[in-house]
Amino acid sequence: MDLPIIYHPDYVAPLPAGHRFPMPKFSRLYELLIADGVAHPAQFHTPVQPPPEWITLVHTPEYFQAYCTGTLDPKAQRRIGLPWSSALVKRTCIAIGGTILTAKLALTYGLACNTAGGTHHAFPSYGSGFCIFNDLAIAARVLQQLKLVEKVLIVDLDVHQGDGTAYIFQNDASVFTFSMHCEVNFPGTKQKSDLDVPLPVGMEDDAYLQTLANYLPDLLSEVKPDLVLYDAGVDPHAGDRLGKLALTDTGIYRREMQVLSTCVSRGYPVACVIGGGYADDFQSLVYRHSLLHRAASEVYRHYR
């Protein structure tokens, strides 16, 4: 059995030419993983759309309905930053299905990776920062409702604080939110995660990885989660347009190895999503996202 990787052709929906969200990265990531021999086609699992009642475990029925029918008011639509289309609704829901499937497969196999996901800026009644519905929060809630897990740890290493996720679980001891992000960056107003580690602008590989090592092992011992949801945003990279940190490709790869081996070696299952990444060099961005799957394949082989 090889590392379970989750992908669907509908992870890509058309956007207007020149839009700054790099939508084609999802299909290109799939193609790169196969082209480089990181994965083979039989290794991929195909998600299905979740039922609406799973999405409304986190989001208000009013917001869910308004978004899906295209009746969201223009201001709320602008806050999301992605122009509405029925294809985008489908894409959004199928990506949530992907994260739920990733979480289920992680419980079975110890480790699984989505090729999308990490929409951590979505709040219960509105979307924000390219995030429509919060796949991390929904996956945690669905698995709890299905009685597959009780305690979940969300490790969010996207360069931007996981504000929506922090807000959703702010009064919920069953989901622990850990966000390590650039201090001076979007969102302007931060929420309170269970553990926030704000990082100074320009932080490089070694300092970053040492900071992570200061928190993650202790966190696992304290929280003892049934599942770790890992948001592996690559926007802390030095070449990211929206990042302000200074990690290299090697630093990103070391980070993935560090997170995954720390969790898996202690018996904590990890479900990974790819999070944010906004480089001018598109090929480099796709490669950067693939570092998660390369590291996960390595860790999976070692611990299986």
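In the predicted model, the lining of the largest pocket comprises 18 nonpolar, 16 polar and six charged residues. This pocket has a volume of about 610 Å³. Of the 40 residues that line the pocket, H121, G129, F130, C131 and Y278 lie nearest its centre. Three elements give two or more residues to this lining, namely α1 (25-35), α4 (74-80) and α5 (86-109). The largest share comes from α5, which provides five residues.

Helix α1, one of the elements that contribute to the pocket lining, also has buried residues: K25, F26, S27, L29 and L33. The partners against which these buried residues of α1 pack are β2 (44-45), α5 and α10. Helix α5 thus appears both as a packing partner of the buried residues of α1 and as the source of the largest share of the pocket lining. Just after α1, the backbone at G37 takes a positive phi of about 70°.

Helix α10 (residues 282-303), also a packing partner of the buried residues of α1, packs with helix α9 (residues 249-264) at an angle of about 35°. The axes of α9 and α10 are 9 Å apart, and the crossing of α9 past α10 is right-handed. On the α9 side, the contact involves D249, I252, Y253, E256, M257, L260, S261 and V264. These residues meet Y287, R288, L291, L292, R294, A295, A296, E298, V299 and Y303 of α10. By class, twelve nonpolar, one polar and five charged residues make up the contact of α9 with α10. In an α-helix, residues three or four places apart point the same way, because there are 3.6 residues a turn.

Enclosed space was also examined. Rolling a probe the size of a water molecule over the atoms shows where empty space is left. With a threshold of 30 Å³ or more, the count comes to one cavity. The volume of the largest cavity is about 40 Å³, and its lining consists of I154, D156, G162, T165, A166, T177, F178, S179 and S193. At least two residues of this lining are supplied by each of β4 (152-156), α7 (163-168) and β5 (175-182). Strand β5 accounts for the largest share, with three residues. The cavity lining divides into three nonpolar, five polar and one charged residue.

Notes:
Residues numbered from 1 in each chain as written. Predicted model: local features only at pLDDT ≥ 70, side-chain atom pairs only at ≥ 80, totals over all residues. Heavy atoms only, no water. 1 Å grid on protein atoms, 1.4 Å probe; cavity = no way out; pocket = protein on both sides within 12 Å on 5 of 7 lines; lining within 4 Å. Points joined across faces, edges and corners; volume = space filled by probe spheres on them. Helix = DSSP H or I, 4+ residues; strand = E, 2+ residues; numbered from the N terminus. Nonpolar A, V, L, I, M, F, W, Y, C, P; charged D, E, K, R; others polar. Axes fitted to C-alpha atoms, helices over the stretch in contact; angles between N-to-C directions. Left-handed = near helix turned anticlockwise from the far one by under 90°. Contact = heavy atoms within 4.5 Å. Buried < 20%, exposed > 50% of the residue type's maximum accessible area, 1.4 Å probe, protein only.
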